[in-house]
Amino acid sequence: MTEPQQAANAGVPDSVAAWEERYSGSDPIWSGKPNEALVATVSSLTPGRVLDVGCGEGADVIWLAEHGWEATGIDLSQTAVDRAAEAAAAKGVTASFEVGDVSTWDPSGSQAEGEHPRRGGYDLVVGCFLHTRLPDTREELVGKVAEHVAPDGRLLLISHAEMPPWAENQDDELGHGLGHHHEPVTPNGDFALLIGGSPVRWEIDFAELRTREVEGPDGQPAELDDSVLLAHRITD
Ligand SMILES: C[S@@+](CC[C@H](N)C(=O)[O-])C[C@H]1O[C@@H](n2cnc3c(N)ncnc32)[C@H](O)[C@@H]1O
């Protein structure tokens with residue numbers, strides 16, 4: 001970690017403990033509905049093996065499994081993973097969920113039943129709102145997520161392009177989900193980080209900002225921009 005990063009991390013709670021505390025300290029956090037941009041994007045892809053990094057309570061993994069994908073989700077939080085597995089079981093959906101940090105997680109060491117691909121064996125890797133300081137920079141994070149994509153596979157990153165207006169003064173990693181870096185995320189910026197740090201070739205399928213209507217904590221309506229990047233790992 002560089003000195004500026006150390007300074008930026010000062011006072012920021014540990015990510016694993018903080019996410020676990022957030023999930024275990026409340027009822028389910030997320031809506032239980034799949035991400036609209038994910039549904040729109042994935043519907044045109046041929047199902048295969050998919051990994052959802054930072055799967056939270058599992059709504060996207062469950063939707064993917066229901067639509068023919070052999071789906072695995074990993075998340076830092078045991079509570080989130082337990083909720084995801086329970087939600088899948090309640091729907092009669094077969095999917096794997098594991099506690100794991102994308103910085104270190106190795107699919108071949110998976111404890112779940114069945115055969116698991118080696119690192120770099122997923123036809124699709126998804127990261128939805130994966131704004132985190134693990135690893136320390138977004139470039140490293142994008143690189144670690146991308147390592148799981150197989151040749152000819154795809155990477156889908158859906159991210160907050162801007163902070164919700166009601167979160168402007170929150171400065172912790174979890175309050176607004178953007179982490180302490182507060183770096184604006186753009187789809188072309190994510191693609192630049194991807195190709196800058198990757199030893200393999202990538203092409204953009206699309207890189208777009210998409211506007212979504214949301215409701216704030218006090219019921220206030222707002223529009224938020226999401227950064228959506230679908231990148232294709234080219235086979236050499
Ligand atoms: C903002 S939530 C999004 C959850 C879910 N993807 C969704 O869209 O509802 C971010 C999630 O990423 C997880 N996470 C953060 N850093 C991670 C990492 N390095 N490896 C795996 N999961 C991570 C957190 O525990 C949290 O559940």
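Around the ligand stand 16 residues, each with a heavy atom within 4 Å of it, and the closest among these 16 are Tyr23, Gly54, Asp75, Asp101 and Cys128. The model is predicted, so that local features need pLDDT of at least 70 and side-chain atom pairs count only at pLDDT 80 or more, while totals for chains, interfaces and linings use all residues. Side-chain values use heavy atoms, with hydrogens and water left out, and residues are numbered from 1 along each chain as its sequence is written.

Nitrogen atoms of the ligand take part in polar pairs: a backbone N or O atom of Gly54 lies 2.7 Å from one, a polar side-chain atom of Asp101 lies 2.9 Å from one, and a backbone N or O atom of Leu76 lies 3.5 Å from one. By class, the shell around the ligand holds 10 nonpolar, 4 polar and 2 charged residues, where Ala, Val, Leu, Ile, Met, Phe, Trp, Tyr, Cys and Pro count as nonpolar, Asp, Glu, Lys and Arg as charged, and the others, Gly among them, as polar.

Turning to the helices, H2 (residues 15-24) packs with H5 (residues 78-91) at an angle of about 50 degrees, their axes lying 7 Å apart. In this packing, Glu20, Tyr23 and Ser24 of H2 meet Gln78, Thr79, Ala80 and Arg83 of H5, contact meaning heavy atoms within 4.5 Å.

Terms used
Polar contact = N/O pair within 3.5 Å; in protein donor to acceptor, adjacent residues only side chain to side chain. Axes fitted to C-alpha atoms, helices over the stretch in contact; angles between N-to-C directions. Helix = DSSP H or I, 4+ residues; strand = E, 2+ residues; numbered from the N terminus.
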